[in-house]
Structures are given as structure tokens and as C-alpha cells.
Amino acid sequence: MDGLVEAMLEVGSGLELRPTLKRIVGVARKLVHARYGALGVLAPGGGLAEFLCEGFDERVCQAIGGMPTGRGLLGVVPARAAPLRLDELSAHPAAEGFPEHHPALRSLLSVPVLVRDEVFGVLHLSEKEDGAAFTEADEVVLQALAAAAGIAVENARRYEELRARERWREAAAEIRSALLVATDSKEVLNLIAARARDLAEADYAFIALADDPELPAEEVPELVVRVCAGLDAGALTGRAIPIQGSTCGEVFRGKAPRRVPALTYDLATGTGAAFGAALVLPLRAGDSVTGVLAALRARGGRPFGPELLPLMASFADQAALALQLAGDQRRQRELDLLADRERIARDLHDHVIQRVFAIGLSLQSTQQRSRSPEIQVRIGEIVDELQELVRVIRTAIFDLHDGAQGGGQLRKRLHEVIAELTGDAGLRSTVRMSGPLSVVPAALADHAEAVVREAVSNVVRHARATTVNLTVSVADDLAIVVTDNGVGIPDSAARSGLHNLVQRADAAGGRMAVTKVWDGGTRLAWSAPLP
């Protein structure tokens, strides 16, 4: 009895599950003086999830091979939830042949370990050290130990569950923090997949999303894999998963998580991987579902436990909600930016332009009253500069009104082309842009960039010029004029680039002309109508 009390205290002295299980086997061997001991943990779907043994030499364990399946005598006790004591185990009708290299065993004492009145596993002892058979007293003592072990296992499982929940909560908090600072949502999706894979102890994980998040779930034809973990980025990324006939599609439409032995639509083909057990979770925020998160183990690996499904489902829900909130915040920032653009544009028009215009009128009136020709000329130059300033401000207003639609981008692209081509060429460049560049569609903007690149490149390579002037204006047409003070295009120069610009003009319904400037140099004019 003293030994039993000590054994119970020792079994209940830890909170981590696996060390507790190993401690149970060791204490049981010592308590009944058994040479060999083992604890088989039952899997949810039958068989064994884990098999811990003591007393066997490491070389013998390696020679025996993998974990037993839980059939034969190992399955008798779980089936009837009662102890089993044998003096000659080979005489039992359920006895099966031992694997090669397994030590010879005669006696056996097995008792169930109950957790919440369910068989969690079976404690097996074999071969007493003195060679005698196990007694009824050994059986009673071991049953008492198994009862204490059940309590210890329950406590350890609760502790493990609390730790697991804490890890999942920390991962969800990490996702939310990452979304607050991330500029690329794909980085956060990669983080979600990686954390889900690690915490679920999976081999692979991927996130598949609907192409159009605004489309109702019942109208989405397929999901597309956006990120994956555990495989090369290109192995699964971009693959389409049909809604019909796939586990991912069923989870997406049904909005309910699932634990399956394998995906019904095999994505592993051509990746060099083999998928087995899977957890598939909908990324749901409220009533909407944007995609699925899947964690998978390699084929032949152990299945996912049922306790993992609610944890991972909660993580997926929090991740989806964080993604939705981040998207809403991003859209709100864009709306705020557009509102600021509108306010600035309105202030420029209502205050700045009107005041500059009034100053120009005042100067024109002063010019007419002045008797000095020099002062009249100077005032005229100032008025011209003010008119140019008004044109520049109006162009800025156009871009502010519709900056998100590409006008500002076209302006930036053309400035970058000029800087790239003339940066090391020793050319002085002047760029003037006027009109609402924001109304230029993407296809025409691409033509404009190509025209400027070809024209300025020709100046740099062939013209031997010191200055180049670029004028881009938008009215009824998009007009581009590039002028230089060089020697013109040599006759020996290839004309393929200019021919391409003519083709671009024809394709856009416009025209192009190259002429010589009267005081030296070349003028290239390209234009195309706005749609």
C-alpha cells in the first residue's frame, strides 16, 4: 500500500501529457516488478495513436520495427473495458504471432486507463522479474494505479488543451498585428498558412480564395490557391479547385469545418507530395465566406484528432475577420485620401487660381498704364508666367480629382522614363504636362510611355543634342511632342523604332510626324484620340 500511494503521487506529479504517460509506464513496472511495460493510447477511429514501451533495449525496438496496430490481444481490453491477466498469453484465442526479433513473452497483465468513463488507453505489463505469474493482488494494485493514471491523464489533457488554445490565440493576435502594418496581404496569408501548419502539427497547409469576393458563395465556380506552406511557393499557388466534387468546395459552400482522411479532389498531383488526412476550414466573417484554409498531413501519417477541429476553426474565423477588417480599413483610408484630394482640388480652384487670375488682371491693367516699354515687356512676361502657372495648377486639379485612376501614374511613368534615359547622357531636359492625364486609359498610357521612351532614346543615341523638350497635353487628343536641338536623325540610322511608333499611332487611330526644326534639331509629334 505504501508503494501504491507513492506510485499514485508520482503519476500525478506532472502536467505535460507525454511525460505523464511515460511516467505511468515506469511506475507501473516498478509497482508490480514487471520486466516489460507499455501503454497503448487509442486513436479516435480505432487502433493505436501512440504506443510507449519500457524495458526493451533500443536495438531491439529498432529491430522490431514500427508501432503495433492494436489488433489481437492489444485489442481485447479496449473492447471489453476490463482487465486481462494471463499466465500463458499464447494460449489465448486472440493471440497473434509476434513480429520477428520481438522478445519471447509468457505472462501478461493489462488494465484499461479510463478518462471520463471512456477507455483512453491500455496499460500492459509482462514478465515478472522473478519469473512468477501475475497475481490477483497485482491486478488490484494496477487497477488502482490505472484509476489514478486516468485522473493524471485528464489533468494533463486539460493542461495541454489550455496551452493549445493559448498558442492559437497568440497566433491569431500575431495575424491581427501583422495586418495592421502589412502593405501586402499575401504576406499575411503566408503567415496564416505557416502558423496553421505549425500549430496543427501538419506537413502542409494552403489557403484557397474565390476570385471575386463580392460574388455569392453559391455562384463561385472555383477557388484558387493563393499561398501554401510546406511546399515550394509555385507548387500549388495558382491552382484552381472546382467547387463541385471537392472537399474544399463543400466546406466553402457549407460554411462548416471538416476533418477528413483525404481530400476528394487531389491537389498533390505533380507537386512531389502525397496528401493524407486533412482539416479544411472555411474563412468566414459573419455570413460571408471568402475561401478555405486547409492543413494536411502526408499520406500514411496519423489522422487529426477531433479536439483540433474547433481550435483551428476558431483560428480560421479570427483570421478571416481580421482580413475583412483590414480590407475595410484599407478601403476607408482610400476614401479618406479621395476626400482629401477633392478638398485640395476645390481649394486650389476656389482660392489659388482665382487669386492668381486676379493678380494677372491687375498686372495687365498696370501694363496698359505704364509708359515705359521695358516695364511693359517685363509685366507681359510675368502675366505669361502666371498663365502658365494657372495651367499647371489646373493640371494638378485634374489629377487630384481622379488620381486613383491612373493620371498620376502616367505622369510618374513618363518622368521616370525621362530620368532613366537622360540621367547619364548630359542632356538638359524640360517636361511640360497639361490637361487631365487621369482620363487617359491604360492601353493609351502604355502607348504614350513607349512613344516617349523611343523618341528620347533616339535623341540620346543619335542627335548629339544638348537639350530635349517633352510636352504632353490632353484635350480631345493625347498629344506628345519631343523636340531636340541636335543634328537630326542620320540617314544610316535604323528606322524600325520609328516604324513601331507609326504602327502604334495607327492602332490607336492617331498619327505621327517627324520634322526638322528650322534652327536645327528634330521634332517628333505623336497624337491619338481619347476614347
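How many bridges join strand 3 to strand 4, and in which sense do the two strands run? Three, and they run antiparallel. Strand 3 covers residues 84-86. Within that pair, Arg85 stands opposite Leu109 in strand 4. I'll come back to Leu109 in a moment.

First, the setting. This is a predicted model. The chain has 531 residues, and 40% of them count as buried. It holds 13 helices and 16 strands. Take the contacts between residues at least 6 apart in sequence: 60% of them join residues at least 24 apart. The exposed area is about 28,500 Å², and carbon and sulfur atoms supply 51% of that.

Back to strand 4, residues 108-115. Seven of its eight residues are buried, so the strand is mostly covered. On strand 5, residues 118-128, the pairing is again antiparallel, with seven bridges to strand 4. Here is Leu109 once more: its bridge partner in strand 5 is Leu125. So Leu109 stands opposite Arg85 of strand 3 and is also bridged to Leu125 of strand 5. The hairpin of strands 4 and 5 has two residues between the strands. In that hairpin Arg116 takes a positive phi near 55°.

Next stop, helix 8 and the loop before it. Ser246 sits in the loop between strand 8, residues 240-242, and helix 8, residues 247-254. Is Ser246 buried or exposed? Buried: its relative accessible area is 1%, and the cut-off for buried is under 20%. Its side chain has a polar atom 2.9 Å from the backbone nitrogen of Gly249. Leaving aside residues up to four places away in sequence, Ser246 touches Ile241, Thr264 and Tyr265.

Helix 8 itself has these buried residues: Thr247, Cys248, Gly249, Val251 and Phe252. What covers them? The cover includes strand 6, strand 7, strand 8, strand 9, strand 10 and strand 11. Just after the helix, Lys255 takes a positive phi of about 60°.

A word on cysteines. Cys248 is buried at 2% relative accessible area. Cys228 also counts as buried, at 10%. A disulfide is a covalent bond between the sulfur atoms of two cysteines. How many does a search of the whole structure find? Zero.

On to helix 10, residues 373-401, where Ile393 lies. Ile393 counts as buried, at 11% relative accessibility. Again leaving aside residues up to four places away in sequence, Ile393 touches Leu348, Val352 and Ile353. Now look at Ser434. It is 41 residues from Ile393 in sequence. In space, the two C-alpha atoms are 9.2 Å apart.

That leads to the last sheet. It is an open sheet of five strands, in the order 12-13-14-16-15, with mixed pairing. Which strands stand at the edges? Strand 12, residues 428-434, and strand 15, residues 511-516. Each has a single partner strand, so one side of each is left without a neighbour in the sheet. On average, neighbouring strands are turned by 10° against each other, direction ignored.

Let's walk through the pairs. Strands of a sheet pair through backbone hydrogen bonds, either parallel or antiparallel. Strand 13, residues 467-474, and strand 14, residues 477-484, run antiparallel and are joined by seven bridges. There, Val474 stands opposite Leu478. Strand 14 and strand 16 are antiparallel too, over eight bridges. In that pair, Asp484 stands opposite Thr522. Strand 15 and strand 16 run antiparallel as well, with six bridges. Ala513 stands opposite Ala525 there. The hairpin of strands 15 and 16 has five residues between the strands. Gly520, in that hairpin, takes a positive phi near 105°.

How many residues of strand 16 are buried? Six of the eight, so strand 16 is largely enclosed by the rest of the structure.

Finally, what lies across this sheet? Helix 12, residues 442-463, lies across strand 13, strand 14 and strand 16. The helix runs at about 10° to strand 14.

How values were computed: Residues numbered from 1 in each chain as written. Predicted model: local features only at pLDDT ≥ 70, side-chain atom pairs only at ≥ 80, totals over all residues. Heavy atoms only, no water. Helix = DSSP H or I, 4+ residues; strand = E, 2+ residues; numbered from the N terminus. Buried < 20%, exposed > 50% of the residue type's maximum accessible area, 1.4 Å probe, protein only. Polar contact = N/O pair within 3.5 Å; in protein donor to acceptor, adjacent residues only side chain to side chain. Contact = heavy atoms within 4.5 Å. Axes fitted to C-alpha atoms, helices over the stretch in contact; angles between N-to-C directions. Areas by Shrake-Rupley, 256 points an atom, 1.4 Å probe, with all protein chains shown as cover. Disulfide = S-S within 2.5 Å.
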